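Colleague: I have a model open and would like to learn how to read it. Can we go feature by feature?

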Amino acid sequence: MVDISVVGIGNIIMQDEGFGVRCAEYLQKITDYPDFVQIIDGGTLGMDLMPYIAGTKKLLLIDAMNIDAPVGSFHSFTGDELNAYFKDKISVHDLGVNDMLAVLKLTDNPIEEVVVMGVKPEVVSMGLDMTEKIAEKVPEVAQKAKELVDKWVAEYQK
């Protein structure tokens with residue numbers, strides 16, 4: 001059973017929209033977590049992610065964030081802040097993720113802690129390459145994700 005899930009979400013053919021997926025890929029390269037931690041490319045799956053994270057106790061979502069903030073700025077939301085974040089969705093997959101989180105709250109095994117982190121994208125349009133400004137943020141945000149997951153892992157290993 002997986003207790004900690006890190007999910008990079010986004011569409012990699014929409015330039016900066018693929019930020020979360022690229023962070024998850026980077027995180028996989030710089031970490032070697034125990035079996036109770038999974039890092040997955042959630043792409044644009046939304047509700048279809050449920051089978052992969054059902055039973056997870058701690059969930060970190062990494063995404064491009066459609067928020068009123070400067071391009072490239074880092075943001076992290078948890079608890080009640082998540083509702084405000086999902087109110088202004090950047091894409092259809094965010095709606096699916098929000099619905100999935102709502103359904104998981106109703107299950108016998110609700111997620112104890114959910115954190116969404118990411119940056120404000122510069123360009124969200126067809127294209128395979130992220131803009132330079134956002135691509136440069138991948139290592140920084142992956143490191144922040146690693147710090148959070150390391151904390152969670154330490155809690156589980158006590």
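Colleague: Let me start with a charged pair. Where do aspartate 150 and lysine 146 lie, and how many residues apart are they?

Modeller: Keep in mind that this is a predicted model. Both residues lie in helix H6, 4 residues apart, about one turn of the helix. Their side chains meet in a salt bridge, at 2.8 Å from N to O.

Colleague: Is aspartate 150 buried or exposed?

Modeller: Neither label fits. Aspartate 150 counts as partly exposed, because its relative accessibility is 30% and that class lies between the cut-offs of 20% and 50%. Lysine 146, at 21%, is also partly exposed.

Colleague: How many salt bridges does a search of the whole structure find?

Modeller: The search finds 5. For each one, look up where the two partners sit. Take glutamate 113 and lysine 58, which meet at 2.9 Å, N to O. Glutamate 113 lies in strand E5 and lysine 58 in strand E3, so this pair ties together parts that are 55 residues apart in sequence.

Colleague: Which helix residue meets lysine 58 in a salt bridge?

Modeller: Glutamate 155, at 3.6 Å from N to O. Glutamate 155 belongs to helix H6 and lysine 58 to strand E3, so parts 97 residues apart in sequence are tied together. Put the pairs side by side and you get a network of salt bridges that links Lys58, Glu113 and Glu155.

Colleague: How covered are the members of that network?

Modeller: Lysine 58 is buried, with a relative accessible area of 9%. Glutamate 113 is partly exposed at 22%. Glutamate 155 is partly exposed as well, at 37%.

Colleague: Now the strands. In which sense do E3 and E5 pair?

Modeller: Parallel, over 7 bridges. To find the register, pick one bridge. Leucine 59 has valine 114 in E5 as its bridge partner.

Colleague: Which way do E4 and E5 run?

Modeller: Antiparallel. Strand E4, residues 74–78, is joined to E5 by 5 bridges. Here threonine 78 stands opposite valine 115 in E5.

Colleague: How many residues of E5 are buried?

Modeller: The strand is mostly covered, with 6 of its 7 residues buried. For the chain, 49% of the 158 residues count as buried.

Colleague: What is the order of elements along the chain?

Modeller: Read from the N terminus, the order is β-α-β-α-β-β-α-α-β-α-α. That gives 6 helices and 5 strands.

Colleague: How should I approach the interior?

Modeller: Start with the general idea. Nonpolar side chains tend to be buried together in soluble globular proteins. In this model, the largest nonpolar core has 25 residues, and Phe19, Leu60, Ile62 and Val149 touch the most other members. Elements giving two or more residues to this core include E1, H1, E3 and H6. The largest share, 7 residues, comes from H6.

Colleague: What does isoleucine 62 contact, leaving aside neighbours within four places in sequence?

Modeller: Its contacts include Ile9, Phe19, Cys23, Met117 and Val141. Another core, of 18 residues, lies apart from the largest one, and among its members are Ile40, Ala69, Met100 and Val114.

Colleague: Where does isoleucine 9 lie?

Modeller: In strand E1. Isoleucine 9 is buried, with a relative accessible area of 2%. From isoleucine 9 to cysteine 23 is 14 residues in sequence and 9.3 Å in space, C-alpha to C-alpha.

Colleague: Which backbone value should I look at for glutamine 15?

Modeller: Check phi. Glutamine 15 has a positive phi of about 50°, although it is not a glycine. The residue lies in the loop between E1 and H1. Glutamine 15 is buried, with a relative accessible area of 17%.

Colleague: Last one. What is the nearest side chain of opposite charge to lysine 120?

Modeller: Aspartate 68, 5.8 Å away. Lysine 120 is buried yet has no salt bridge. Next, look for another polar partner. The lysine 120 side chain reaches the backbone oxygen of isoleucine 67 at 2.6 Å.

Colleague: And where is lysine 120 along the chain?

Modeller: In the loop between strand E5 and helix H5. Beyond four places in sequence, the residues that lysine 120 touches include Met65, Ile67, Pro70, Gly72 and Ile134.

Key:
Residues are numbered from 1 along each chain as its sequence is written. This is a predicted model: local features need pLDDT of at least 70, side-chain atom pairs count only at pLDDT 80 or more; totals for chains, interfaces and linings use all residues. Side-chain values use heavy atoms; hydrogens and water are left out. Buried means under 20% relative accessible area, exposed over 50%, partly exposed in between (1.4 Å probe, protein chains only). Lys and Arg count as positive and Asp and Glu as negative; His and the chain ends are not counted. A salt bridge is a side-chain nitrogen of Lys or Arg within 4 Å of a carboxyl oxygen of Asp or Glu. A polar contact is a pair of N or O atoms within 3.5 Å; within protein, one must be able to donate a hydrogen and the other to accept it, and residues adjacent in sequence count only if both atoms are side-chain atoms. Contact means heavy atoms within 4.5 Å. A nonpolar core is a set of buried Ala, Val, Leu, Ile, Met, Phe, Trp, Tyr and Cys residues joined through side-chain atoms within 4.5 Å. Two strands pair if DSSP finds at least two bridges between them.
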